Protein chains: 2
Amino acid sequence: MASDVGRTKRPTMVDVATRAGVSLKTVSRVVNNVPHVQPELVERVLAAVAELGFRRNPSASSLRSGQATATIGLLIEEIANPFYAMIAGAAAEVARQHDTMLIIASSEEDPARERQLLRDMCARRVDGLLVVPAGDDHSFLRAEVELGTPMVFLDRPAGGLLADTVLLDNRGGARAGVRRLVEAGHRRIGVLLDSLSVYTMRERLDGAQDALAPAGVPYDTRLVRDGVRDPAEAARVVSEMLDRPDPPTAFFSLNNRITLGVIEELHRRGSDAAVLGFDDFDVARLVPHPLTVIAYDARELARTATELLFRRIGGDRSWPRTVVLPTELIARGAAPRRAGHAP
Amino acid sequence: MASDVGRTKRPTMVDVATRAGVSLKTVSRVVNNVPHVQPELVERVLAAVAELGFRRNPSASSLRSGQATATIGLLIEEIANPFYAMIAGAAAEVARQHDTMLIIASSEEDPARERQLLRDMCARRVDGLLVVPAGDDHSFLRAEVELGTPMVFLDRPAGGLLADTVLLDNRGGARAGVRRLVEAGHRRIGVLLDSLSVYTMRERLDGAQDALAPAGVPYDTRLVRDGVRDPAEAARVVSEMLDRPDPPTAFFSLNNRITLGVIEELHRRGSDAAVLGFDDFDVARLVPHPLTVIAYDARELARTATELLFRRIGGDRSWPRTVVLPTELIARGAAPRRAGHAP
DNA sequence: TATTGCTCGGACAACGTTGTCACAATAGCG
DNA sequence: CGCTATTGTGACAACGTTGTCCGAGCAATA
């Protein structure tokens with residue numbers, strides 16, 4: 001009589017049990033695929049589950065069992081950035097293969113926010129955490145790690161915490177790219193970068209210096225410009241450098257947003273300065289200027305990190321490891337008009 | 001004595017209560033900011049919380065209170081796609097303003113997977129759901145909606161379900177763009193699109209037809225090509241159309257991936273056919289060919305939808321509404337060389 | 001047929017939190 | 001000074017699920 005009153009609440013296992021005429025525990029067993037339940041009962045339970053539209057309450061489940069929420073967290077800087085979008089896509093794909101949901105949170109480069117978000121995700125009992133660090137102190141996570149939440153850092157190393165890390169060979173890539181510029185005869189190379197406070201930028205700049213020194217090319221700080229936030233700013237800086245008495249014959253841009261601005265300005269002026277850019281981008285081959293990019297596989301970066309994370313979740317207790325993925329030099333853009341450099 | 005044994009478990013409110021010398025309930029009150037607790041006790045509890053590193057277990061919390069997990073779900077097609085990345089970014093931003101986490105799941109255009117993911121997110125008791133539909137039947141969500149999970153659909157309408165929806169004016173945008181082509185004298189316009197099974201593509205094609213008919217331009221099905229999946233395929237189709245006896249003098253590309261291929265091929269051939277593309281993209285102004293794009297604000301789309309969702313979560317029970325956001329025509333790319341069309 | 005061994009169902013408690021209710025302590029009033 | 005309001009605190013149960021344990025049922029064997 002009263003059984004169908006109050007259609008407002010979600011069905012529970014008790015409802016299913018009543019409907020199927022079995023005990024609560026039997027429903028639990030069926031739902032959790034525990035073997036040795038009579039096939040006939042299994043069928044009755046499944047029928048009841050379907051009829052009532054029952055779905056297990058994961059809060060109750062993970063509260064009782066104390067384990068697994070089938071969720072991993074990904075902390076990045078900004079999801080709208082294509083680089084992180086690719087990271088997220090690859091991580092989601094691997095997560096899916098493990099029947100796991102992915103929670104994505106953006107730190108917006110703010111260490112305080114990063115801290116809060118990471119704590120929040122831990123409080124949600126995620127099974128594991130993928131982190132592109134924003135701050136440089138992650139010792140506050142040590143307690144969580146000891147409590148058993150596996151973590152893998154990617155793209156940048158963690159600060160003050162021994163943990164699995166997957167990085168790109170920023171330094172080696174920059175070194176190889178700049179070496180090629182130097183070998184092509186360039187001796188004045190303008191370098192534009194976003195912010196030296198970011199690990200990857202420092203590595204890339206170090207790589208550039210690595211390549212300059214052995215070739216006897218002086219490191220001219222007037223040709224290195226920090227704080228270039230967007231394409232417009234990059235264009236301005238390029239313009240300014242080209243107006244100097246001895247303008248650069250080549251530019252090294254440390255990320256792809258900057259590369260766009262550099263190319264735009266060079267194209268506008270009809271300059272034939274060489275451009276080397278860190279980060280490939282999908283329309284690179286369409287740009288109206290010859291361009292060499294230091295490319296890497298962001299998806300592979302995320303895939304490697306996520307697989308490592310799942311190994312940890314699966315119980316791998318070996319010593320934390322650091323993986324460094326290679327970069328690759330690729331020539332892109334319009335064919336060079338003819339590489340003639342200023343004297 | 002035994003109180004500090006087993007440092008392996010997370011501290012609970014009971015631990016905090018013991019430490020602070022108050023009752024469990026008082027801890028709960030402090031943690032939940034319930035007023036009328038003696039300031040001194042609040043302080044003691046907070047101190048204990050800090051010392052033990054306590055964080056509330058959200059599983060237990062939401063199990064008991066039956067409400068709010070401070071999480072919303074976003075279902076999209078593929079997170080690595082820049083369009084969806086922007087959607088996700090804007091949604092995450094609004095979610096953050098509401099102290100809410102965002103779970104992102106990708107349907108990969110698979111209705112079965114969409115269904116499973118949506119159910120899964122509902123089972124997780126998300127506070128609300130943002131959905132870019134992949135399938136065309138969402139009646140299976142009716143039960144969830146009635147159970148009180150608010151949902152907002154965006155970019156495409158839901159099938160078989162009355163729900164809040166935020167769309168772009170695909171049809172109007174396409175109409176305006178094609179009208180401009182027609183007014184410029186084009187009478188043979190090649191149309192390239194991804195798949196007619198997608199709502200937005202159908203709308204855009206309809207919009208194109210809307211513009212052709214009143215101008216007396218015949219709708220030539222030989223100039224409409226479905227199933228153009230990637231830039232390479234688009235380039236092939238363009239090449240083929242240009243080799244016809246009466247080649248198109250303009251192309252309308254229904255998404256930006258196609259636009260890239262179209263432009264690449266036109267540029268390669270040195271053709272000056274006009275290009276109209278749906279979707280703006282960040283390097284559009286760099287492309288070596290004049291180009292008009294039908295642009296829209298994807299972030300605004302997501303923002304509107306997410307804000308609507310939070311209004312629902314906040315208790316707005318008004319009749320479901322549909323919002324249509326405008327598009328805009330923008331001229332991009334290299335300046336036209338001189339618009340001379342074939343006779 | 002009695003005994004053993006094995007399978008499988010069900011009663012019960014527990015996970016960590018919060019809502020309900022009742023009680024203690026204090027203040028306000030006649 | 002005793003009575004009621006008001007405020008602050010705690011005992012208890014409950015959320016929905018799962019682990020433990022016991023015992024009923026049944027087949028195989030002596």
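Into which domains is chain A divided? Chain A has domain 1 (2–56), domain 2 (71–168 + 298–326) and domain 3 (170–295); these bounds come from an automatic or database domain assignment. This is a predicted model, in which local features need pLDDT of at least 70, side-chain atom pairs count only at pLDDT 80 or more, and totals for chains, interfaces and linings use all residues. Residues are numbered from 1 along each chain as its sequence is written, chains are lettered from A and ligands numbered from 1 in the order in which they are written, and side-chain values use heavy atoms, with hydrogens and water left out.

**Domains and the chain A–chain B interface**

- In chain A, the C-alpha centres of domain 1 and domain 3 lie 64 Å apart.
- The interface brings 48 residues of chain A into contact with 47 residues of chain B; contact means heavy atoms within 4.5 Å.
- The size of an interface is often given as the accessible area lost when the parts come together.
- Between them, chain A and chain B bury about 4500 Å², with 59% of it on carbon and sulfur atoms. Buried area here is the accessible area (1.4 Å probe) that two parts lose on being put together, summed over both.
- On the chain A side, Arg10(A), Met101(A) and Leu286(A) lose the most area to chain B, together 17% of what that side buries.

**DNA strand C**

- DNA strand C is surrounded by 25 residues, and the closest are Ser23(A), His36(A), Leu41(A), Met13(B) and Lys25(B). A residue is near a strand if one of its heavy atoms lies within 4 Å of it.
- Sugar or phosphate accounts for 59% of the strand C atoms within 4 Å of the protein, and bases for the rest.
- H2 and H4 of chain A and H2 and H4 of chain B each supply at least two residues of this surface. Helices (H or I, at least four residues) are DSSP runs, numbered from the N terminus.
- H4(B) gives the largest share, 4 residues.
- The surface near strand C divides into 9 nonpolar, 9 polar and 7 charged residues. Ala, Val, Leu, Ile, Met, Phe, Trp, Tyr, Cys and Pro count as nonpolar, Asp, Glu, Lys and Arg as charged, and the others, Gly among them, as polar.
- Two arginines of chain A sit by base nitrogens of strand C: a side-chain N or O atom of Arg29(A) is 2.8 Å from one, and a polar side-chain atom of Arg64(A) is 2.9 Å from one.
- From chain B, a side-chain N or O atom of Asn32(B) is 3.0 Å from a phosphate oxygen of strand C.

**DNA strand D**

- DNA strand D has 23 residues around it, the closest being Met13(A), Lys25(A), Thr26(B), Arg29(B) and His36(B).
- Of the strand D atoms within 4 Å of the protein, 58% belong to sugar or phosphate and the rest to bases.
- Helices H2 (24–31) and H4 (58–65) of chain A, and H2 (24–31) and H4 (58–65) of chain B, each supply at least two residues of the surface near strand D.
- That surface divides into 7 nonpolar, 9 polar and 7 charged residues.
- A polar side-chain atom of Arg29(B) lies 2.5 Å from a base nitrogen of strand D.
- Phosphate oxygens of strand D lie 3.1 Å from a polar side-chain atom of Arg56(A) and 2.8 Å from a side-chain N or O atom of His36(B).

**Helices H2 and H4 of chain B**

- The buried residues of H2(B) are Thr26(B), Val27(B), Ser28(B) and Val30(B). Buried means under 20% relative accessible area (1.4 Å probe, protein chains only).
- These buried residues pack against helix H1 (13–20) and helix H3 (39–52) of chain B.
- Asn33(B), with a positive phi near 55°, follows H2(B).
- Ser62(B) lies in helix H4 of chain B, and counts as buried because its relative accessibility is 11%.
- The side chain of Ser62(B) makes a polar contact with the side chain of Ser59(A) (2.9 Å). A polar contact is a pair of N or O atoms within 3.5 Å; within protein, one must be able to donate a hydrogen and the other to accept it, and residues adjacent in sequence count only if both atoms are side-chain atoms.

**Two further buried residues**

- Val178(B) is in helix H8 (residues 170–183) of chain B, and counts as buried at 2% relative accessibility.
- Leaving aside neighbours within four places in sequence, Val178(B) is in contact with Ile189(B), Ala208(B), Ala211(B), Leu212(B), Phe252(B) and Leu276(B).
- Thr304(A) is in helix H12 (residues 298–313) of chain A, and is buried, with a relative accessible area of 17%.
- With neighbours within four places in sequence left aside, Thr304(A) is in contact with Val166(A), Val323(A) and Leu325(A).

Key
Buried < 20%, exposed > 50% of the residue type's maximum accessible area, 1.4 Å probe, protein only.
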